[in-house]
There are 2 protein chains.
Amino acid sequence: MWGRPRRLALLAEGRFTPVDAKTAVGVLRYRPEEVAAVIDSTRAGSTAGERAGVGGAVPVLADVAAAAAAGADSLLIGVAPQGGELPTAWRASVLDALARGWDVFSGLHAFLADDPEFAAAAARTGARIHDVRRPPARRPVAAGRAAALEASVVLTVGSDCNVGKMTAAVEIVRALEARGERAAFVATGQTGMFIADQGVTVDAVPSDFVAGFTEELVLEAARTATFVIVEGQGSLNHPAYSGVALALLHGACPSLLVLCHHPGRTHLRLAAAPGAFPLPSLAELVEAYERMSRWIRPAAVAGIALNTLGLAESRARDACEDAARETGLPATDPVRFGAEPLAEALVARRRDHAPPS
Amino acid sequence: MWGRPRRLALLAEGRFTPVDAKTAVGVLRYRPEEVAAVIDSTRAGSTAGERAGVGGAVPVLADVAAAAAAGADSLLIGVAPQGGELPTAWRASVLDALARGWDVFSGLHAFLADDPEFAAAAARTGARIHDVRRPPARRPVAAGRAAALEASVVLTVGSDCNVGKMTAAVEIVRALEARGERAAFVATGQTGMFIADQGVTVDAVPSDFVAGFTEELVLEAARTATFVIVEGQGSLNHPAYSGVALALLHGACPSLLVLCHHPGRTHLRLAAAPGAFPLPSLAELVEAYERMSRWIRPAAVAGIALNTLGLAESRARDACEDAARETGLPATDPVRFGAEPLAEALVARRRDHAPPS
């Protein structure tokens, strides 16, 4: 990761749950070989597998010293809190890591390298601070360029934040590759960047250039892939993040969409206004995403990816059947039941729309 | 402006036309008493009134020295080019102004104060560089809070960039005030900020916080106004700027919208892809903006503001009649024919929806 193999300690103090520590969970799921430990003193003594269902025997430990003893050599901030600040109680852990000469990886909006105390600590030991959310200095303006690609661009869209758009994208890439397709993952958020070692965290980019960066990433990925799977952000029905969602839709110019949803959720998960915004139905969301794509490049929803975390297996299967019936589209939990139905649908749609040879 | 009365020189070298120099034109229209000169050597010897239809006898001069002779004491960058860079040829003018101790006002994405040569020049004379587009350091996350206001929030939305959303908002405020209403203008772009001496240029804000800043501005304005008129940005059908438009819609939580359009325009005005994107019809845009508002706060389009710049008067009147017929809504060019029909429609809609007393 970022230049050399790592033995990461994932900092998730007090928050190491599948819902709150989604960055840690994403790294555990897709780069487990680089994780030495999770840090959460409130859950110390257990394993990542027990607490989050991923990461198997990776130990959950009390602090940076314990993670060092377990072989860690780098620290990764494992949460992405709303607003993007570092929890104050975590400063000591970051300083401890930097004092040991560990590189620190952060996807927070608040850039750690700009913090004088952290910068001084890093300078003393030669540690590097990687704020992956810091936007590139360029200012690309989108112009629908990705609409002309021969590759099939697929965007994962959602009913809310934190419903599995990044995970669905990665699982679809793997399922397409398993079918022999050349597929590329385009990371647009901090967790995706930690998994892919590249990308742009578009929600930190000045809003004029979100679509432009997305367009750049898609054009680059399409040079070597037949399927470009773009990680979505936010949702069209979210009061804070709808703009990011629409910019991705118009920057990526997908022809196909995968709609992601958590079937246990009835309202937007919004800390400041819980229960204020009921989620639209899946059918309404399908129609809205397709409708909003039309002016730039018409896109069709090809399948539904459910995040059934927390549901019993039989309820999870029922949820997939319900979603398929409501929308007339294949529906699966790509983590629990596999992404093959989605990969199959994408390949079929591409075949149906190929120009006659 | 920004702390003291000014005698501004508006830098618009080679671009002093109503379409290209929209920042200069906005300042000339709404703060003419603070403008000493326009700088454009290709049009020197004429007046602002002759060239742009605003600013009357304000002279167009060749350079900073000539503007100084005309009494200027501050420089304002009068263009907002796509991408937001300072044209290279303009560096000498900025340096000349700073060497004279003039404060420099810029709404560019590229912050002049971060340029080492400009910073050094300013330090030598004590001049100040005001990069009004620099986002505040806060990270507000929207949560639909503006939906609960007793004030009527009105957002100007558009069919494209540069169709008069800022101008329509200012004209509506004036027309409401002329009717005795308490109205406030919320500036969300650099020209609006130069006119209002406050606001946030939301297109430079990290995309996660565009709706949040908009919400903050609206809540603040509503403390003293019955009508809060919010300057819109971009348009839902624009490949680069649709995200900003949707974030404003969901952050401001308007109950009423005014749709702005240039009737001479058939396609998006996009330098990189001219002619690629035909504009939707007004009726389609009305439906789309209302539809996309619904999940957060339902809004209704109350009127159409046309920018008929460049059309003969009879064609401009025809365009207003056509727009009114197509949408069933009052339509006017607020600059040419006055914003009263829009103000009247907003007052009537507010009255219709007032709770019984």
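What rotation, and what shift along its axis, superposes chain B on chain A? In this predicted model, a rotation of 180 degrees with 0.0 Å of shift along its axis brings chain B onto chain A, with an RMSD of 0.0 Å.

**Figure 1. Relation between chain A and chain B in the predicted model.** The superposition of chain B on chain A takes a rotation of 180 degrees and 0.0 Å of shift along the axis. The two copies are thus related as by a two-fold rotation axis. Both copies use the same surface, since 100% of the contact residues of chain B recur in chain A.

**Figure 2. Helix 5 of chain A, residues 116-125, and its surroundings.** The buried residues of this helix are F118(A), A121(A) and A122(A). Viewed down the axis of helix 5 of chain A, these buried residues fall within an arc of 100 degrees, so they line one face of the helix. An α-helix has 3.6 residues a turn, so residues three or four places apart point the same way. The buried residues of helix 5 of chain A pack against helix 4 (91-99) and strand 6 (129-131) of chain A. On the face turned away from the buried side of helix 5 of chain A are the exposed residues P116(A), A123(A) and R124(A).

**Figure 3. The two ends of helix 5 of chain A.** At the N-terminal end, D115(A) acts as the cap, with a side-chain oxygen 3.0 Å from the backbone nitrogen of E117(A). After helix 5 of chain A comes G126(A), which has a positive phi, near 80 degrees.

**Figure 4. Strand 2 of chain B, residues 35-39, with its paired strands.** Of the 5 residues of strand 2 of chain B, 5 are buried, so the strand is largely enclosed by the rest of the structure. Strand 1 (residues 8-11) of chain B pairs with strand 2 of chain B in the parallel sense over 4 bridges, and A9(B) stands opposite A37(B). Together with helix 1 (residues 22-30) of chain B, strand 1 and strand 2 of chain B form a right-handed β-α-β unit. Strand 2 of chain B also runs parallel to strand 3 (residues 60-61) of chain B, to which 2 bridges join it. In this pairing, V38(B) stands opposite V60(B).

**Figure 5. The environment of T156(A) in strand 7 of chain A.** T156(A) lies in strand 7, which spans residues 152-158 of chain A. T156(A) is buried, its relative accessible area being 0%. The T156(A) side chain reaches the backbone nitrogen of G232(A) at 3.0 Å. Not counting residues up to four places away in sequence, T156(A) touches K165(A), A168(A), A169(A), V230(A), E231(A), G232(A), V258(A) and C260(A).

Notes
Residues are numbered from 1 along each chain as its sequence is written. Chains are lettered from A and ligands numbered from 1 in the order in which they are written. This is a predicted model: local features need pLDDT of at least 70, side-chain atom pairs count only at pLDDT 80 or more; totals for chains, interfaces and linings use all residues. Side-chain values use heavy atoms; hydrogens and water are left out. Copies are superposed by least squares on the C-alpha atoms of residues with pLDDT of at least 70 in both. Contact means heavy atoms within 4.5 Å. Buried means under 20% relative accessible area, exposed over 50%, partly exposed in between (1.4 Å probe, protein chains only). The arc is that of the directions from the helix axis to the C-beta atoms. A polar contact is a pair of N or O atoms within 3.5 Å; within protein, one must be able to donate a hydrogen and the other to accept it, and residues adjacent in sequence count only if both atoms are side-chain atoms. Two strands pair if DSSP finds at least two bridges between them. A crossover is right-handed if, with the strands pointing away from the viewer, the path from the first strand over the helix to the second runs clockwise.
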